[in-house]
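Trainee: Could we go through this model together? I'd like to know what the words really mean.

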Amino acid sequence: MAKTITFKPLDIGFWLAWLGYIVFLGVAPLIFSSNLGLTVLSQIGTVIIAALSYNMLLGQTGMLSFGHAVYGGLGGFIAIHAMNLVAGGSLVCPTSLIPLVGGLGGAFFGVIFGWVTTKKSGTTFAMITLGIGELVASAALTFPEFFGGEAGITTNRVIGHAVLGISYGPQRQVYYLISAWLVICTIAMYAFTRTPLGRIANAVRDNPERCAFVGYNTQKVRFLVVVLAAFFAGISGGLGAINFEIVSSENVGALRSGSLLLFTFLGGVGSFVGPILGAVVYVFSLELLSKVTQAWPLYIGLLFLLIVMYAPGGLWSVVQMNMRIIKFQLFRQMLRPYAVILCAALPLFLGITTLIELAYARQLDVGGDAVVRIWGLPMDVTSLMPWLAAFVVAVIGAALFRRAARGFSLAWGRVHEIIAERTAGRGVSA
Amino acid sequence: MSVPLAIELRDLRKSFGKTEIIRGANLKVPHGQRFAIIGPNGAGKSTLFNLISGAFAPTSGEILLNGHNLAGLRPFEINRRGLSRSFQITNIFHRLSVFENLRCAVLYSLGYRYSFWQSLEKLADARERAENVLELIGLKRRSETPAGLLTYAEQRALEIGITVAGGAEVILLDEPTAGMSRSESDHAVELIRTVTEGKTLLMVEHDMSVVFGLADQIAVVVYGEVIACDTPERVRANAKVQEAYLGTPAEALDE
């Protein structure tokens with residue numbers, strides 16, 4: 001067979017990143033071995049799959065969906081019913097493959113709803129997904145036989161006989177099941193970005209009109225991507241069903257869909273890694289930040305605003321830009337601006353969070369006790385002093401931050417100018 | 001049996017609301033010819049292109065491609081029958097690299113369609129074809145650059161590249177040299193000549209030096225009708241055509 005041999009330097013960083021990802025998933029439960037650690041890790045695994053599948057729509061095909069939780073949720077319901085059937089003896093399916101059942105369930109609904117939603121694109125598509133989301137959420141309360149009403153459907157994941165000592169009773173075993181599926185799904189979704197359909201999905205995102213004039217039915221492209229994304233969302237839902245042993249109407253609701261959108265965007269839709277980062281932030285805020293402060297949705301909202309305004313490429317794009325600076329050995333020039341801006345940001349951050357916490361404590365009147373601890377300091381919400389002090393610190397912080405930000409953005413611009421010059425020079429010579 | 005025409009328009013009409021833009025256009029484009037459509041602004045040249053490529057549906061009349069009626073076909077279906085078009089306003093995949101733009105343009109015609117079970121990198125024919133076109137349009141150096149960052153002239157070249165990459169036999173170019181400098185447009189003429197070798201070309205163009213440099217035949221469209229269709233020399237001498245160019249006989253055409 002005649003084959004052109006093209007020399008391509010082996011991308012070591014690429015393979016190291018994959019290796020690191022898999023090794024980390026393998027050893028993580030040894031590092032975070034507490035119950036909380038395992039719970040958080042397991043949940044992160046399921047959410048990463050959901051966020052990656054959402055990004056197949058938003059980041060790769062340019063489809064803004066407000067109802068993606070529908071597929072994960074319905075996949076979860078199918079999976080949990082399958083588990084209950086297995087427990088009842090009327091179905092044979094090892095627990096390890098239950099996520100696949102969820103995936104097929106998700107894909108099935110992807111075919112049905114995708115057929116409706118992808119008839120239109122852009123804003124109309126977004127509106128139809130919103131409608132489908134509401135439709136399914138209300139159906140969840142109307143058909144208790146399938147959805148279990150308010151309480152949802154519960155199950156016991158320890159079904160059948162233990163295979164090789166794996167019963168999926170202990171959380172650690174569930175974590176490894178989730179991780180195994182996570183690795184498979186991540187590889188599959190990454191591979192998708194390098195297939196003809198995956199590339200044409202990008203083309204549809206960039207310019208649907210032109211896509212039609214190179215022979216593609218853009219509606220069919222969007223439909224196929226929705227079905228595939230729904231399949232992976234369904235796997236995530238199936239894993240969630242095993243992990244929590246319950247699926248309820250919450251799983252298909254608008255709040256879940258909104259969170260998927262928000263955190264995928266927060267992580268970054270322009271790259272493959274972004275949604276993974278977003279999923280981690282999501283579970284951290286849901287499981288950890290929420291235990292520290294009741295104002296956590298407010299903080300997430302503020303973070304989201306900052307990202308939309310200053311780093312629309314998401315958190316991962318911030319990481320990428322800094323890695324680029326490091327690669328060009330210019331990070332030394334950024335050390336001082338970074339130190340200055342962090343010092344200036346600290347009082348601003350402390351001041352604002354203290355004000356927010358004071359407001360929450362006063363509003364919620366925690367336990368009738370007027371004294372709360374904020375950043376380790378006892379503060380009396382009824383007296384003026386802590387409010388005034390926090391306000392003053394915040395104002396001083398804001399003033400300092402403004403100055404520091406100016407210096408920072410100058411340094412940032414300078415560094416990127418140098419990078420642009422160097423890459424332009426390389427482009428001409430190459 | 002005679003060989004069917006590449007493109008034939010039969011009494012084609014298109015109205016937007018009460019305004020009739022195309023009023024009974026007739027045109028016969030034989031295979032392997034380079035055809036230029038000229039005419040004053042607002043004559044309906046671009047509308048004609050949008051009708052032929054399926055972007056608009058005609059109000060009445062027929063469009064035939066290789067003897068087959070295109071009625072009711074959508075743009076991607078017309079494209080699959082061997083007709084490809086470029087756009088007056090650059091219409092590329094701006095976030096994809098130049099190479100990926102061209103690879104997207106060849107995938108369907110090579111039969112990969114909606115495949116999500118094959119790796120792009122392993123499709124040697126798609127890569128080769130995209131690289132050939134890359135070479136042809138002179139953008140090899142810019143292969144990895146996102147298309148949105150190209151200069152205007154480079155984007156126009158890519159526009160033509162995407163149009164011809166799929167191997168369509170009938171090529172429609174909508175003002176391929178619009179907004180170009182003299183040297184850029186000379187370069188573009190050469191490019192068009194090369195990439196349309198052995199194919200049927202239909203192009204809308206305002207630049208008369210481009211038209212007379214490329215076209216075998218010229219169709220003059222005025223007020224939605226084809227008032228003349230002939231060789232460049234005869235069109236230049238045609239009184240009706242001279243009149244259409246606002247009573248400044250031959251001046252516009254002599255440019």
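Trainee: Leaving aside its neighbours within four places in sequence, which residues is B:I37 in contact with?
Mentor: They are B:K45, B:L48, B:L202, B:M203, B:V204, B:A219 and B:V221. Contact here is C-beta atoms, placed from the backbone, within 7 Å. Keep in mind that this is a predicted model, where local features need pLDDT of at least 70, side-chain atom pairs count only at pLDDT 80 or more, and totals for chains, interfaces and linings use all residues. Residues are numbered from 1 along each chain as its sequence is written, with chains lettered from A and ligands numbered from 1 in the order in which they are written.

Trainee: Why are α3(B) and α5(B) called roughly parallel?
Mentor: Helix α3 (residues 98-107) of chain B and helix α5 (residues 152-165) of chain B pack at about 25°. Angles under 35 degrees count as roughly parallel, so α3(B) and α5(B) get that name.

Trainee: Which residues of α3(B) meet α5(B)?
Mentor: B:V98, B:N101, B:L102, B:A105 and B:V106 do, and on α5(B) they meet B:L158, B:G161, B:I162 and B:A165. That contact divides into 7 nonpolar, 2 polar and no charged residues. Ala, Val, Leu, Ile, Met, Phe, Trp, Tyr, Cys and Pro count as nonpolar, Asp, Glu, Lys and Arg as charged, and the others, Gly among them, as polar.

Trainee: What does α3(B) give to the side of chain B that touches chain A?
Mentor: The most, with 5 residues. The whole contact takes 31 residues from chain B and 26 residues from chain A.

Terms used. Axes fitted to C-alpha atoms, helices over the stretch in contact; angles between N-to-C directions. Helix = DSSP H or I, 4+ residues; strand = E, 2+ residues; numbered from the N terminus. Parallel < 35°, antiparallel > 145°, perpendicular 65-115°, else oblique. Contact = placed C-beta atoms within 7 Å.
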